[in-house]
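I set out to record what can be looked up in this structure, beginning with the annotated domain and going on to rings, charges and helices.

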Amino acid sequence: MIKKYFSFDFQVIGKVQGVYFRKFTKEQGTNLGLVGWVENQKDGSVKGVAQGDHKKCEEMIHWLTNVGSPKSKIEKMIKTNEREIDKLQYKEFSVRDDKKQK
């Protein structure tokens, strides 16, 4: 039987920049055994993709919605593009550099 993975895109709105949100998101994703990426957006939000075991993705969704980094203030987490995938599209969970957007 082929293992199926779960994938979802996310955008977190609130006080999520300048509070190490990307660093903590990478650590949380890595600790859960997930892969994907996270990056800052020009509008002050953070967006990304997470992939891996469905239960671990559910834990990540909870973390992105209710926990975040210690100094963050999450107003809303928008989850989109939820789907099953046959193979992971990333090797690790990474922070994407936002210098290109400035």
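**Domain.** I began with residues 7-97, whose end C-alpha atoms lie 22 Å apart; helix makes up 26% of the span and strand 42%. Helices (H or I, at least four residues) and strands (E, at least two) are DSSP runs, numbered from the N terminus. I found that an unreviewed UniProt entry annotates residues 7-97 as "domain: Acylphosphatase-like". UniProt positions follow the numbering used here, feature names are shortened, and annotations may be inferred rather than shown by experiment.

**Basis.** I note that the model is predicted, that local features need pLDDT of at least 70 and side-chain atom pairs pLDDT 80 or more, and that totals for chains, interfaces and linings use all residues. Residues are numbered from 1 along each chain as its sequence is written, and side-chain values use heavy atoms, with hydrogens and water left out.

**Aromatic pairs.** I searched the whole structure and obtained three aromatic pairs. Rings of Phe, Tyr and Trp (its six-membered ring) pair if their centres lie within 6.5 Å; planes under 30 degrees apart count as stacked, over 60 as edge-to-face and the rest as tilted. The ring planes of phenylalanine 6 and phenylalanine 8 meet at 35°, with the centres 6.3 Å apart, so I entered this pair as tilted. Phenylalanine 6 is buried at 8% relative accessible area, and phenylalanine 8 is buried at 0%; buried means under 20%, exposed over 50%, and partly exposed in between (1.4 Å probe, protein chains only). I also noted that ring pairs join Phe6, Phe8 and Phe10 into a cluster.

**A pair between helices.** I recorded a tilted pair of phenylalanine 21 and tryptophan 63, with 5.8 Å between centres and 40° between planes. This pair links distant parts of the chain, 42 residues apart: phenylalanine 21 belongs to helix α1 (residues 21-31) and tryptophan 63 to helix α2 (residues 54-66). Phenylalanine 21 is buried at 1%, and tryptophan 63 is buried at 8%.

**Helix packing.** I then looked up how α1 and α2 pack: the angle is about 160° and the axes are 11 Å apart. Axes are lines fitted to C-alpha atoms, for helices over the stretch in contact, and angles run from 0 to 180 degrees between N-to-C directions. α1 is therefore roughly antiparallel to α2, a term for angles over 145 degrees.

**Charges over rings.** I found the charged end of arginine 96 over the ring of tryptophan 37, 3.8 Å from its centre. The charged end of lysine 23 sits over the ring of phenylalanine 24, 4.9 Å from its centre. The criterion is NZ of Lys or CZ of Arg within 6 Å of the ring centre and within 35 degrees of the ring normal.

Notes
Parallel < 35°, antiparallel > 145°, perpendicular 65-115°, else oblique.
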